[in-house]
Amino acid sequence: VQLQAFGGGLVQAGGSLRLSCAASGSIFSINAMGWFRQAPGKEREFVAGIQWNGKSTCYADSVKGRFTISRDNAKNTVYLQMNSLSPEDTAVYYCAADPSPYSTVRIRTYSSEYAYWGQGTLVTVSS
């Protein structure tokens, strides 16, 4: 599975961005997709996840009500719509794919549980 994330950039506080993650290769093996982020000097953290069938989503408390994860299976693409951005959201954002059958029951939130990763896209929110 190959993942390519794009859509990052510079935005002012209160603004919006939409990230995209295009998947290719063994798409049939994906059971869930997740977005993670890593700010300078911090550990990578879970942001949002979605089951590949779209039945369930999951969000970190810090982004609930502001971020929305969605997918377009016809395009093999997962999106992260980010609204009401704040400087605390500044980070490199990564998309990841989880092939484990466990993710069909519960979206997993630890980065070590995801097998495939995109290259990351930088989101910078200015105050």
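**Exercise 1.** Is Ala 39 buried or exposed? Find its place in the chain and its contacts too.

*Solution.* Keep in mind as you work that this is a predicted model.
- Step 1: Start with the location. Ala 39 sits in the loop that joins β4 and β5.
- Step 2: Look at the accessibility. The relative accessible area of Ala 39 is 18%, and the cut-off for buried is under 20%. Ala 39 is therefore buried.
- Step 3: Look for contacts beyond the neighbours within four places in sequence. Ala 39 then has Thr 90 and Ala 91 in contact.
- Step 4: Try a distance. Between the C-alpha atoms of Ala 39 and Gly 118 there are 16 Å, and the two residues are 79 residues apart along the chain.

**Exercise 2.** Work out how strand β1 fits into its sheet, beginning with its two faces.

*Solution.*
- Step 1: Sort the residues of β1, which covers residues 2–6. Leu 3 and Ala 5 make up the covered face, while Gln 2, Gln 4 and Phe 6 make up the uncovered one.
- Step 2: Find the partner strand. β1 pairs with β3 (residues 17–24) in the antiparallel sense, over five bridges.
- Step 3: Match up the covered residues. Leu 3 stands opposite Ala 23 of β3, and Ala 5 has Cys 21 of β3 as its bridge partner.
- Step 4: Step back to the whole sheet. It is open and has four strands in the order β1-β3-β8-β7, with antiparallel pairing. β1 and β7 are its edge strands, as each of them pairs on one side only.
- Step 5: Add the twist. On average, neighbouring strands of this sheet are turned by 15 degrees against each other, direction ignored.

**Exercise 3.** Describe the largest nonpolar core, then follow one of its residues.

*Solution.*
- Step 1: Take the size. The largest nonpolar core has 32 residues, and Met 33, Trp 35, Leu 80, Met 82 and Tyr 93 have the most contacts inside it.
- Step 2: Ask which elements build it. Among those that give two or more residues are β1, β3, β4, β8 and β11.
- Step 3: Note the other core. Apart from the largest one lies a core of five residues, including Phe 36, Phe 46, Ala 96 and Ile 107.
- Step 4: Follow Met 82. Without its neighbours within four places in sequence, the contacts of Met 82 include Leu 17, Leu 19, Phe 67, Tyr 93 and Val 123.

**Exercise 4.** Which secondary structure element holds Thr 121, and what does this residue touch?

*Solution.*
- Step 1: Thr 121 belongs to strand β11.
- Step 2: Its relative accessible area is 11%, so Thr 121 is buried.
- Step 3: Follow the side chain. That of Thr 121 reaches the backbone nitrogen of Gly 8 at 3.0 Å.
- Step 4: List the contacts, not counting residues up to four places away in sequence. Thr 121 touches Ala 5, Phe 6, Gly 7, Gly 8, Leu 19, Ala 91, Val 92 and Tyr 93.

**Exercise 5.** Look at phi in Asn 76 and Ser 84, and say where each residue lies.

*Solution.*
- Step 1: Recall the background. Most residues other than glycine have a negative phi.
- Step 2: Read the angles. Phi is near 50 degrees in Asn 76, a positive value, and phi of Ser 84 is likewise positive, near 50 degrees.
- Step 3: Place the residues. Asn 76 is in the loop between β7 and β8, and Ser 84 is in the loop between β8 and β9.
- Step 4: Check accessibility. Asn 76 is partly exposed at 24%, and Ser 84 counts as partly exposed at 45%.

Notes: Residues are numbered from 1 along each chain as its sequence is written. This is a predicted model: local features need pLDDT of at least 70, side-chain atom pairs count only at pLDDT 80 or more; totals for chains, interfaces and linings use all residues. Side-chain values use heavy atoms; hydrogens and water are left out. Buried means under 20% relative accessible area, exposed over 50%, partly exposed in between (1.4 Å probe, protein chains only). Two strands pair if DSSP finds at least two bridges between them. A nonpolar core is a set of buried Ala, Val, Leu, Ile, Met, Phe, Trp, Tyr and Cys residues joined through side-chain atoms within 4.5 Å. Contact means heavy atoms within 4.5 Å. A polar contact is a pair of N or O atoms within 3.5 Å; within protein, one must be able to donate a hydrogen and the other to accept it, and residues adjacent in sequence count only if both atoms are side-chain atoms. Axes are lines fitted to C-alpha atoms, for helices over the stretch in contact, and angles run from 0 to 180 degrees between N-to-C directions.
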